[in-house]
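Q: Hi, I'm new to this one. Can you walk me through it?
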Amino acid sequence: MLSERMKRIKPSGIRRIFELMATMEDPINFSIGQAHYEPPEQLVEAACRAMRSGFNRYTVTQGLPELNERIRAAVATRTGHQPQASIVTSGVSGGLLLGFMALLNPGDVVLLPDPNFTMYRVLAELCGAEVRFYDLYPHWQPDPAQIEELVDERTKIVFMNSPSNPTGGVLSEAAVAAVVRAAERVGAVVVTDEIYDAFVYDGTLPTPVGRYDRVLQLGGFSKTYGVPGWRMGYATGPTELLDAMKTLQQFTFVCAPAPFQVAILEAAFDLDMSPYIAEYRHKRDRVVAELDPAYQLVAPGGSFYAFPRIPGPAKADDPSGVDGAAFLDAALEEKLLIVPGSAFSRRATHFRLSFAVSDEDLTRGIQALNRLAARFG
Ligand code: PMP
């Protein structure tokens, strides 16, 4: 009954953890990919008002013109570069699908970071593209020479995601410059997923926006405002590409959710989210300090994830792999939910933890991880 393409798509490893969680009493959930806080009250009020005032119909495909203007102004303020065009998408997920479909021919090459947010690979393969990986291990920065080597005339997209899911890494200025340089040499498009742009803990976020005329920038509201269920995101970049994505949106998503477009326009841009970010910076500092010295861990510069190495000696038959399965089973016995690195990577040496949890759960989870390290280290 099912298509050939479904043979190549397995259910997400993260969803499987969600299902496990439902069977557990009082689990410590370090597997979650969304902020733990409720959205600010003004935003919820604005959404309710929008529904009561009749914003329940379709909007124009590209999203409300005033919202697009605010988005482009916000991107210009952050990056110092005014984007040519924008559309409002159904989450960054929606923007990824439209962007990939608008850019990729079967046989084109897409360069992805390893590790990465798995949706990229699945969507690229749905478009018939060939995926190649550039390595971010062990410091969550690419090796410019490796990117140069991987890029060729068939390369259509050089992808970057900073701050990163799952590593928490923020790409350096030099790394971003290297990505742009490699793409520019072959005329490929840089697609940059900046959904975690608000969660940057040290300094400002280096971005390819404004460095090259073929940059598709994807941004979102899910993470920053605690509204992943609203399915609100946006894409900015060259007019030709954004027009194509708009045409595809006409025949797929139609438009992003109307009441939430109105709510974001009315309330989001004037909200001061810095106290929320300061709270997450503090959680990041705790993870780094309290998992030391038991774990090999690069301090996350952004997002709300850390990607530590699984403790213990390397397996004799696979020097690059440690016994991840045993570690993850032991974590489950501790009622601790984490995501195996293999859900994001060709390697199984690391695991993802999300510190988007309450301070109490952070304490419990760190204690459980330190007990596990004592057993496995
Ligand atoms: N990109 C990254 C890196 C993410 O972590 C996520 C959510 N887990 C998304 C995109 C998708 O976000 P949304 O569709 O809710 O905007």
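A: Let's start with a term. A crossing is right-handed if the near helix is turned clockwise from the far one by less than a right angle, and left-handed if anticlockwise. Also, this is a predicted model.

Q: OK, so which hand is the crossing of helix 12 and helix 13?
A: Right-handed.

Q: At what angle do their axes cross?
A: Roughly 140 degrees. The axes come within 10 Å. Helix 12 covers residues 324-333 and helix 13 covers 359-376. That angle makes helix 12 oblique to helix 13.

Q: Which residues make the contact?
A: Helix 12 gives Ala326, Phe327, Ala330, Ala331 and Glu333. Helix 13 gives Leu369, Leu372, Arg375 and Phe376.

Q: How many of those are nonpolar, polar or charged?
A: Seven are nonpolar, none polar and two charged.

Q: Switching topic. What about the sheet, open or closed?
A: Open, with seven strands in the order 2-8-7-6-5-3-4. The pairing is mixed.

Q: Which strands stand at the edges?
A: Strand 2 (85-89) and strand 4 (130-135). Each has a single partner strand, so one side of each lacks a neighbour in the sheet.

Q: And how do strand 7 and strand 8 pair, parallel or antiparallel?
A: Antiparallel, over four bridges. Strand 7 is residues 215-220 and strand 8 is 233-237. Gly220 stands opposite Gly233 in strand 8.

Q: Which strands does helix 5 lie across?
A: Strands 2, 5, 6, 7 and 8. Helix 5 (residues 91-103) runs at about 160 degrees to strand 7.

Q: And helix 6, which strands there?
A: Helix 6 (residues 119-126) lies across strands 3, 4, 5 and 6. Helix 6 runs at about 150 degrees to strand 4.

How values were computed. Residues are numbered from 1 along each chain as its sequence is written. This is a predicted model: local features need pLDDT of at least 70, side-chain atom pairs count only at pLDDT 80 or more; totals for chains, interfaces and linings use all residues. Side-chain values use heavy atoms; hydrogens and water are left out. Axes are lines fitted to C-alpha atoms, for helices over the stretch in contact, and angles run from 0 to 180 degrees between N-to-C directions. Helices (H or I, at least four residues) and strands (E, at least two) are DSSP runs, numbered from the N terminus. Angles under 35 degrees count as roughly parallel, over 145 as roughly antiparallel, 65 to 115 as roughly perpendicular and the rest as oblique. Contact means heavy atoms within 4.5 Å. Ala, Val, Leu, Ile, Met, Phe, Trp, Tyr, Cys and Pro count as nonpolar, Asp, Glu, Lys and Arg as charged, and the others, Gly among them, as polar. Two strands pair if DSSP finds at least two bridges between them.
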